[in-house]
Amino acid sequence: MTGRTIVVTGGGTGIGRAVATAFARDGDTVVVTGRRREVLDGVVAELGGAARAVDFDAADPAAVTAALAALPPTVDVLVNAAGGNTGFDRPAAVAGDLAAQAAAWRANFDANVLTAVLVTAALLPRLPAGGRVVTIGSIAARRGGGDYGAAKAAIEAWTASLAAEIGPRGVTANVVAPGLTMGTEFFRGRLSDARRQRLVDETMTKREGTTDDVAAAVRYLAAPGAGHVTGQVLHVNGGAYLGR
Ligand SMILES: NC(=O)c1ccc[n+]([C@@H]2O[C@H](COP(=O)([O-])OP(=O)(O)OC[C@H]3O[C@@H](n4cnc5c(N)ncnc54)[C@H](OP(=O)(O)O)[C@@H]3O)[C@@H](O)[C@H]2O)c1
């Protein structure tokens with residue numbers, strides 16, 4: 001489909017970047033967002049005239065509000081890809097340190113839940129009938145994953161209520177939940193070969209997921225033909241977890 005306007009949070013790297021590239025190839029106009037301007041500028045340079053960047057912290061209500069003027073007046077598809085496991089960036093042991101524990105949980109909630117909730121709330125009035133909200137969850141929501149998995153589980157619950165809220169006006173909301181996906185900054189260089197192999201072994205396809213695997217699922221949910229698919233979680237994990 002061509003000629004739509006797509007906003008992709010976290011569009012500077014990894015899954016968000018692949019999603020932005022897929023839509024730009026379709027002939028859509030893409031707005032990529034994130035906190036690092038130079039990273040976003042790299043995507044715009046690569047995608048050419050079809051893309052534009054708006055840099056802001058999606059977990060900060062004031063920053064989201066301030067960014068609204070630079071974001072498109074009509075948004076056909078919003079893809080919430082911003083997020084990640086903030087646990088990779090913190091010191092290992094917080095057991096017994098309740099203040100550190102609270103900070104850790106809040107960090108993952110901010111990065112994965114608030115980024116999606118705030119940007120969606122801000123842009124919802126700009127989504128016309130036929131609009132789409134797709135949020136990137138995670139296999140971790142179903143498998144544990146501590147504060148990160150809990151945040152991604154919250155995304156699923158929020159999406160169910162969002163779908164009910166916006167369904168009557170012809171807008172859908174769904175989650176795409178990836179398993180191991182390479183080609184991103186997600187693991188911050190901390191994925192050991194042994195763990196990567198274990199995660200591949202858990203799949204039925206016996207391979208790593210790619211950012212294009214995830215982008216294809218997002219593209220499907222954003223297509224006009226997916227208008228009766230809403231409130232769902234689409235698992236893209238090679239069968240490592242069965243969402244049936
Ligand atoms: N890779 C995997 O194996 C995997 C598996 C399951 C789910 N996921 C999920 O997939 C999504 C995309 O992650 P990825 O794997 O592509 O990793 P990534 O390359 O680290 O992408 C995350 C993006 O989110 C942006 N971001 C993070 N916090 C933000 C904030 N507060 N405001 C604005 N932008 C923010 C980052 O840009 P800035 O730092 O410039 O802001 C970055 O571009 C995440 O929600 C992640 O949890 C990934």
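A residue counts as buried when its relative accessible area is under 20%, as exposed when that area is over 50%, and as partly exposed in between. With that scale in hand, Phe-186 comes out as partly exposed, because its relative accessible area is 25%. The structure discussed here is a predicted model, and Phe-186 is a handy way into it.

Start with the aromatic residues. A search of the whole structure turns up 4 aromatic pairs. One of them brings together Tyr-148 and Phe-186, with ring centres 5.6 Å apart and planes at 55°, so this pair is classed as tilted. The two partners come from distant parts of the chain: Tyr-148 belongs to helix H6, Phe-186 to the loop between E6 and H7, and 38 residues separate them. On the accessibility scale Tyr-148 is buried, because its relative accessible area is just 7%. Phe-186 also pairs with Phe-187; here the ring centres are 4.8 Å apart and the planes stand at 85°, so the geometry is edge-to-face. Phe-187 has a relative accessibility of 12% and therefore counts as buried, whereas Phe-186 at 25% is partly exposed. Add Phe-88, and these residues make up one aromatic cluster: Phe-88, Tyr-148, Phe-186 and Phe-187.

Tyr-148 leads straight on to the ligand. Around the ligand there are 31 residues, and those that come nearest are Thr-13, Ile-15, Arg-35, Arg-36 and Tyr-148. Sorted by type, the shell holds 12 nonpolar, 13 polar and 6 charged residues. Helices contribute to this shell too: H1 (14–25), H4 (98–123) and H6 (146–166) supply at least two residues each. Several side chains come up to oxygen atoms of the ligand. For Arg-35, an N or O atom of the side chain sits 2.7 Å from a ligand oxygen. Tyr-148 places a polar side-chain atom 2.7 Å from an oxygen of the ligand, and for Thr-184 the corresponding distance is 3.2 Å. Taken on its own, the ligand has 880 Å² of accessible area, and the protein covers 95% of that.

The loop between strand E6 (172–178) and helix H7 (193–201) deserves a second look, since Thr-181 is found there as well. Thr-181 is buried, because its relative accessibility is 7%. A polar atom of the Thr-181 side chain lies 2.8 Å from the backbone oxygen of Gly-179. Once neighbours within four places in sequence are set aside, the contacts of Thr-181 are Ile-15, Gly-209, Thr-210, Thr-211 and Val-214; Ile-15 is also among the residues that come nearest to the ligand. Further along in this loop is Arg-188, a residue other than glycine with a positive phi, near 50°. Arg-188 has a relative accessibility of 42%, so it counts as partly exposed. Another positive phi in a residue that is not a glycine, about 55°, belongs to Lys-206, which has its place in the loop between H7 and helix H8 (211–222).

Helix H6 returns with Glu-156, which is found in it. Although glutamate is grouped with the charged residues, Glu-156 is buried, because its relative accessible area is 15%. Its side chain makes a polar contact of 2.9 Å with the side chain of Arg-142. Leaving out neighbours within four places in sequence, Glu-156 is in contact with Ala-141, Arg-142, Val-175 and Val-233. As for longer spans, the C-alpha atoms of Glu-156 and Ala-70 are 29 Å apart, with their positions 86 residues apart along the chain.

Finally, there is Ala-240, in the segment after strand E7 (233–236). Ala-240 has a relative accessible area of 14% and is therefore buried. Not counting residues up to four places away in sequence, Ala-240 touches Ile-139, Arg-143, Glu-202 and Thr-203. The C-alpha atoms of Ala-240 and Gly-10 are separated by 25 Å, the two residues being 230 residues apart along the chain.

Terms used: Residues are numbered from 1 along each chain as its sequence is written. This is a predicted model: local features need pLDDT of at least 70, side-chain atom pairs count only at pLDDT 80 or more; totals for chains, interfaces and linings use all residues. Side-chain values use heavy atoms; hydrogens and water are left out. A residue is near a molecule or strand if one of its heavy atoms lies within 4 Å of it. A polar contact is a pair of N or O atoms within 3.5 Å; within protein, one must be able to donate a hydrogen and the other to accept it, and residues adjacent in sequence count only if both atoms are side-chain atoms. Accessible areas come from the Shrake-Rupley method with a 1.4 Å probe; for residues, only the protein chains shown count as cover. Helices (H or I, at least four residues) and strands (E, at least two) are DSSP runs, numbered from the N terminus. Buried means under 20% relative accessible area, exposed over 50%, partly exposed in between (1.4 Å probe, protein chains only). Contact means heavy atoms within 4.5 Å. Rings of Phe, Tyr and Trp (its six-membered ring) pair if their centres lie within 6.5 Å; planes under 30 degrees apart count as stacked, over 60 as edge-to-face and the rest as tilted.
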